[in-house]
Amino acid sequence: MIVIRAKTLGMCMGVRKAEAAALKAAAKGAASGKPVLTYGPLIHNPQAVAELEKAGVSILDPEAFDAGRLDRKVSGSIVILRAHGAPPQVFQHLAAAGAEVVDATCPRVLKSQRKARELRNAGWSVAIAGDRSHDEVAGILGCAPGSVVVQDSAEAGSLASSWAGRRVALIAQTTIKRSEYDEIASVLALAASEFLAVDSLCPATLDRQRALAELAGEVDALVVVGGRNSANTQRLFMSAKASGKPAWHIETALELSAEVFGFARVGLSAGASTPDSLVEEVEARLYRQEGPC
Ligand code: SF4
């Protein structure tokens, strides 16, 4: 059997940085005796979260903290903020509760936060295209109060009527689909006196999708590695299935199906939150032709 990796796969820059920041904080915590916590799960991958737990990093429940129930728990601890960022109020609350804050917000998300703030201060009406329940969107909104979240073109239509004649800027949640962003942009642009589309989409998801599509043409079957709770891994798996090739979504090498060993050329991809070690284990097990235990 030959195993071919997608040209782009696995952990994106932002998640890699956040993981490195957490491991550094874990070492500091071990040396100083301070507990180390992440504001919610750091990575959408159960194995990576388990590894962090082994290193001494545990998870702080963001809802309970925001409700003021965990101030005593965070006092004297190191708290890491995730790659998708958080509103400034969370920083302030953590600092007031006596925590040392490590900001692991992805540089791309930080850029969106800064841009939204800058545009609001300059008098623009700012819309954020994305999912209003997503933490990244909440973080951007917190940096630019008065901005409005737009989830789809229907919502953009309602907003366009009340924002007609204004200077409108549109920021995107980094992981929104390009087609959804373009639809929202075209509706708002029609009503605005001046329109600024800020290109804040992150290419990480699309790069993995494109690489998978290219790979599908070269192989007989596809294996996608990543957390079942990872939205971008799920999307990769859907694309793998849509390619018409037999495809599997697994979290670890132990989940490899016996069937996959019947194929001569197997393609390997992984989501943007999948650690390298998991990809390497799957690849090694495929080459060793070791089926499920
Ligand atoms: S997907 Fe993009 S924006 Fe999100 S953490 Fe990764 S690199 Fe940053």
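Two residues are in contact here if their C-beta atoms, placed from the backbone, lie within 7 Å. By that criterion, residues 24 or more positions apart account for 74% of the contacts in the protein with a separation of 6 or more. The structure is a predicted model.

**Overall layout**

The protein has 293 residues, of which buried residues make up 43%. Its secondary structure consists of 12 helices and 12 strands. Taken along the principal axes, the C-alpha atoms fill a box of roughly 60 × 55 × 25 Å.

The domain assignment divides the protein into three domains, the first of them built from two stretches of sequence.

| Domain | Residues |
|---|---|
| Domain 1 | 2–11 + 204–288 |
| Domain 2 | 13–105 |
| Domain 3 | 108–197 |

Between the C-alpha centres of domain 1 and domain 2 the distance is 30 Å. At their boundary, 12 residues of domain 1 are in contact with 8 residues of domain 2. The domain 1 side of this boundary is made of 7 polar, 4 nonpolar and 1 charged residues.

**Ligand site**

The ligand is surrounded by 13 residues, and the closest are Cys12, Gly14, Cys106, Thr174 and Cys202. Two elements, α1 (13–32) and α6 (107–121), give two or more residues to this shell. The largest share, 3 residues, comes from α1. Sorted by class, the shell holds 9 nonpolar, 3 polar and 1 charged residues. The ligand lies between domain 2 and domain 3, because both of these domains give residues to the shell around it.

**Nonpolar cores**

Helix α1, which supplies the largest share of the ligand shell, also supplies the largest share of the largest nonpolar core, with 5 residues. That core has 34 residues, and Ala22, Val79 and Ile80 touch the most other members. The elements that give two or more residues to the core are the helices α1, α2 (46–54) and α5 (88–96), together with the strands β2 (36–39), β3 (57–60) and β4 (78–81). The core draws at least three residues from each of domain 1 and domain 2.

Val79 illustrates how the packing joins separate parts of the sequence. Leaving aside residues up to four places away in sequence, Val79 touches Leu37, Tyr39, Leu60, Val74, Leu94, Ala99 and Val101.

A second core, separate from the one just described, has 29 residues. Among its members are Ala116, Val168, Ala169 and Leu170.

How values were computed:
Residues numbered from 1 in each chain as written. Predicted model: local features only at pLDDT ≥ 70, side-chain atom pairs only at ≥ 80, totals over all residues. Near = placed C-beta within 6 Å. Helix = DSSP H or I, 4+ residues; strand = E, 2+ residues; numbered from the N terminus. Nonpolar A, V, L, I, M, F, W, Y, C, P; charged D, E, K, R; others polar. Domains from an automatic or database assignment. Core = buried A, V, L, I, M, F, W, Y, C linked by C-beta atoms within 7 Å. Buried ≥ 20, exposed ≤ 12 C-beta atoms within 10 Å, placed from the backbone.
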